[in-house]
Amino acid sequence: MIRAATADDPLRIAVLASGRGSNLAALMERLDPTVVIVGVASNRADAIALSRAREEEIETAVFPRGDDWGERDRELCAWLLERDVELVVLAGFMEILTAEVVDRLPVINVHPSLLPAFPGLHAWEQALDAGVEETGVTVHFVDTGLDTGPVIAQEPVPVREGDTPASLHERIQAVEHRLLPDVVRRLASNDIPDSTRSAA
Ligand code: GRF
């Protein structure tokens, strides 16, 4: 259960990101004082997201996967718990988390399609290849599957004639940058029923 936070006692979140971190930037810009980002972690030392966090003086850490996935996730989870993290936000974290993390903390993810359509990598390319007229963005609770777990919010994005992977991805990302901070704010204000999380 995610508690109702206030500006005096904000919800402590950590963001996990592997790449560019444009969603991290959107969170840093758009969250209100009821939420504080206490750490940013990555599986990659060269993730631009880490530099963005350091610029804002947010603590960072790197947890490469290595051979033992479970051990990596135990170390990651210990780092999160030491910082009293109450919600983990995956913002372009390109690996599946094991039960070591998802059974101990609430985790949400932003995905560039209307799940369950087009899970996995390059969902916008999958949408173009499938010839659909509409794709979108999903924010969902994370379980140990690939882009599975109860959906919290979805927003459609039309596919336009002449769209390239880059143009479609750009329009999808504009929606991500609004929807993800919005869901985090709603979770912090207890505006999302807890039953959403257990509804598989
Ligand atoms: C986003 O499209 C997100 O939906 C997906 O990975 C991408 C990360 O983008 N899971 P960025 O690193 O936040 O720019």
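1. Let me start with the contact that caught my eye: a backbone N or O atom of G21 comes within 2.8 Å of an oxygen atom of the ligand. Bear in mind that this is a predicted model.

2. Two further polar contacts are worth a look. At V110, a backbone N or O atom is 3.1 Å away from a nitrogen atom of the ligand. At H169, a polar side-chain atom sits 3.3 Å from an oxygen atom of the ligand. As for cover, the ligand by itself would expose 370 Å², and the protein buries 90% of that.

3. Who else is around the ligand? The surrounding residues are R20, G21, S22, N23, G92, V110, H111, P112, H169, Q173 and E176. By class, that shell splits into 7 polar, 2 nonpolar and 2 charged residues.

4. Which elements bring those residues in? Helix 1 (22-30), strand 5 (107-111) and helix 6 (165-188) each put at least two residues into the shell. Helix 6 gives the most, with 3 residues.

5. Now the pocket itself. The ligand takes up the space of the largest pocket, and that pocket holds about 720 Å³ of space. Its lining runs to 37 residues, and those nearest the centre are G92, F93, M94, V110 and P112. Of these, G92, V110 and P112 also turn up around the ligand.

6. On the make-up of the pocket lining, I'd note 16 nonpolar, 15 polar and 6 charged residues. Helix 1, strand 5, helix 5 (123-130) and helix 6 each supply at least two residues of the lining. Helix 1, strand 5 and helix 6 should sound familiar, as each also supplies at least two residues of the ligand shell.

7. Two backbone details to check while you have the model open. What is the peptide bond from L115 to P116, cis or trans? The bond is cis, with omega near 15 degrees. P116 is placed in the loop between strand 5 and helix 5, and both of those elements supply at least two residues of the pocket lining.

8. The other backbone detail is E57. Its phi is positive, at about 60 degrees, although E57 is not a glycine. You'll find E57 in the loop between helix 2 (48-55) and strand 3 (60-62).

How values were computed
Residues are numbered from 1 along each chain as its sequence is written. This is a predicted model: local features need pLDDT of at least 70, side-chain atom pairs count only at pLDDT 80 or more; totals for chains, interfaces and linings use all residues. Side-chain values use heavy atoms; hydrogens and water are left out. A residue is near a molecule or strand if one of its heavy atoms lies within 4 Å of it. A polar contact is a pair of N or O atoms within 3.5 Å; within protein, one must be able to donate a hydrogen and the other to accept it, and residues adjacent in sequence count only if both atoms are side-chain atoms. Accessible areas come from the Shrake-Rupley method with a 1.4 Å probe; for residues, only the protein chains shown count as cover. On a 1 Å grid over the protein atoms alone, a cavity is a set of points where a 1.4 Å probe fits but cannot get out, and a pocket is an open set with protein on both sides within 12 Å along at least five of seven lines; lining residues have an atom within 4 Å of a point. A molecule sits in a cavity or pocket if more than half of its atoms lie within 2 Å of its grid points. Helices (H or I, at least four residues) and strands (E, at least two) are DSSP runs, numbered from the N terminus. Ala, Val, Leu, Ile, Met, Phe, Trp, Tyr, Cys and Pro count as nonpolar, Asp, Glu, Lys and Arg as charged, and the others, Gly among them, as polar. Grid points are joined across faces, edges and corners, and a volume is the space filled by probe spheres set on the points.
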